Each structure stands twice: as C-alpha cells, then as structure tokens.
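Student: I have a chain to look at and some questions about where its residues sit. Can we go through them one at a time?

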Amino acid sequence: MTFTDQARAAKAASRVLATLNRAAKDAALGSMADALAEAKDDILAANVLDVNRARAAGTDEWMIDRLALTPARVDAMVAGLRDLQALP
C-alpha cells in the first residue's frame with residue numbers, strides 16, 4: 001500500500017469514526033493500545049531496519065532521532081492511547 005493509499009484509507013476511516021458513539025471510540029482506542037503493546041517487539045525490530053536504512057541513506061541524525069523507537073517510546077504511545085480512552 002502506497003502512502004497515498006494509506007492517506008485515503010485514513011480519511012475514509014475518519015469519516016466512520018466521526019459517527020461512532022463514545023463507547024465505540026473508547027473501545028477502538030483500547031484495541032489500538034492492546035495491538036501496539038502486543039506488537040511492540042516486532043515494531044522495534046522493524047524500526048531498527050528503518051533506522052539503519054536511514055543512516056545508510058545519509059539522513060541527518062536529528063531526523064534519525066525522530067524516527068528511532070525505544071521500548072520507552074512505544075510504552076509512551078500505549079499510555080497515550082490509554083489516557084485518551086480514559087478521558088471523561
């Protein structure tokens with residue numbers, strides 16, 4: 001799937017999400033957090049490959065720092081989704 005395809009799919013999904021009630025949105029956020037937590041090791045392994053490719057391509061280190069994931073960064077993403085889910 002190309003970036004353009006992903007953007008189109010995200011736009012279509014946003015229209016569906018806009019129509020959902022609060023419980024459904026909270027369930028979706030919880031599912032995203034669960035999926036992210038469960039895939040953490042795979043995500044980190046794939047990210048190492050991405051970072052290595054970026055370095056080989058001569059990408060600036062400041063950009064690589066933005067690209068690089070750590071276990072703490074993934075945990076923070078999971079926590080952020082759970083925080084959104086818990087909002088009143």
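What follows is a set of questions and answers on this predicted model.

Student: Which two helices each supply at least two residues of the largest nonpolar core?

Tutor: The largest nonpolar core has seven residues: Leu29, Ala33, Leu36, Leu44, Val74, Val78 and Leu81. Those supplying at least two residues each are helix 2 (22-38) and helix 5 (71-86).

Student: Which residues does Leu81 touch, not counting residues up to four places away in sequence?

Tutor: Leu81 belongs to the largest nonpolar core, as do Leu29, Ala33 and Leu36. With residues up to four places away left out, Leu81 touches Leu29, Met32, Ala33 and Leu36.

Student: Is Asn47 buried, partly exposed or exposed?

Tutor: Asn47 lies in helix 3 (residues 40-56). Buried means under 20% relative accessible area. Asn47 has a value of 6%, so Asn47 is buried.

Student: Is Leu67 buried, partly exposed or exposed?

Tutor: Leu67 lies in helix 4 (residues 61-67). Leaving aside neighbours within four places in sequence, Leu67 is in contact with Asn47, Asp50, Val51 and Ala54. The cut-offs are under 20% for buried and over 50% for exposed, with partly exposed in between. Leu67 has 33% relative accessibility, so Leu67 counts as partly exposed.

Student: What is the area of the nonpolar surface patch that includes Leu17?

Tutor: Leu17 is in helix 1 (residues 3-18). At 41% relative accessibility, Leu17 is partly exposed. Together with Val16 and Leu20, Leu17 makes a nonpolar surface patch of about 230 Å².

Key
Residues are numbered from 1 along each chain as its sequence is written. This is a predicted model: local features need pLDDT of at least 70, side-chain atom pairs count only at pLDDT 80 or more; totals for chains, interfaces and linings use all residues. Side-chain values use heavy atoms; hydrogens and water are left out. A nonpolar core is a set of buried Ala, Val, Leu, Ile, Met, Phe, Trp, Tyr and Cys residues joined through side-chain atoms within 4.5 Å. Buried means under 20% relative accessible area, exposed over 50%, partly exposed in between (1.4 Å probe, protein chains only). Helices (H or I, at least four residues) and strands (E, at least two) are DSSP runs, numbered from the N terminus. Contact means heavy atoms within 4.5 Å. Patches are made of residues with over 30% relative accessible area and no salt bridge: like charges are joined within 9 Å, nonpolar side chains (Val, Leu, Ile, Met, Phe, Trp, Tyr) within 5 Å. Accessible areas come from the Shrake-Rupley method with a 1.4 Å probe; for residues, only the protein chains shown count as cover. A salt bridge is a side-chain nitrogen of Lys or Arg within 4 Å of a carboxyl oxygen of Asp or Glu.
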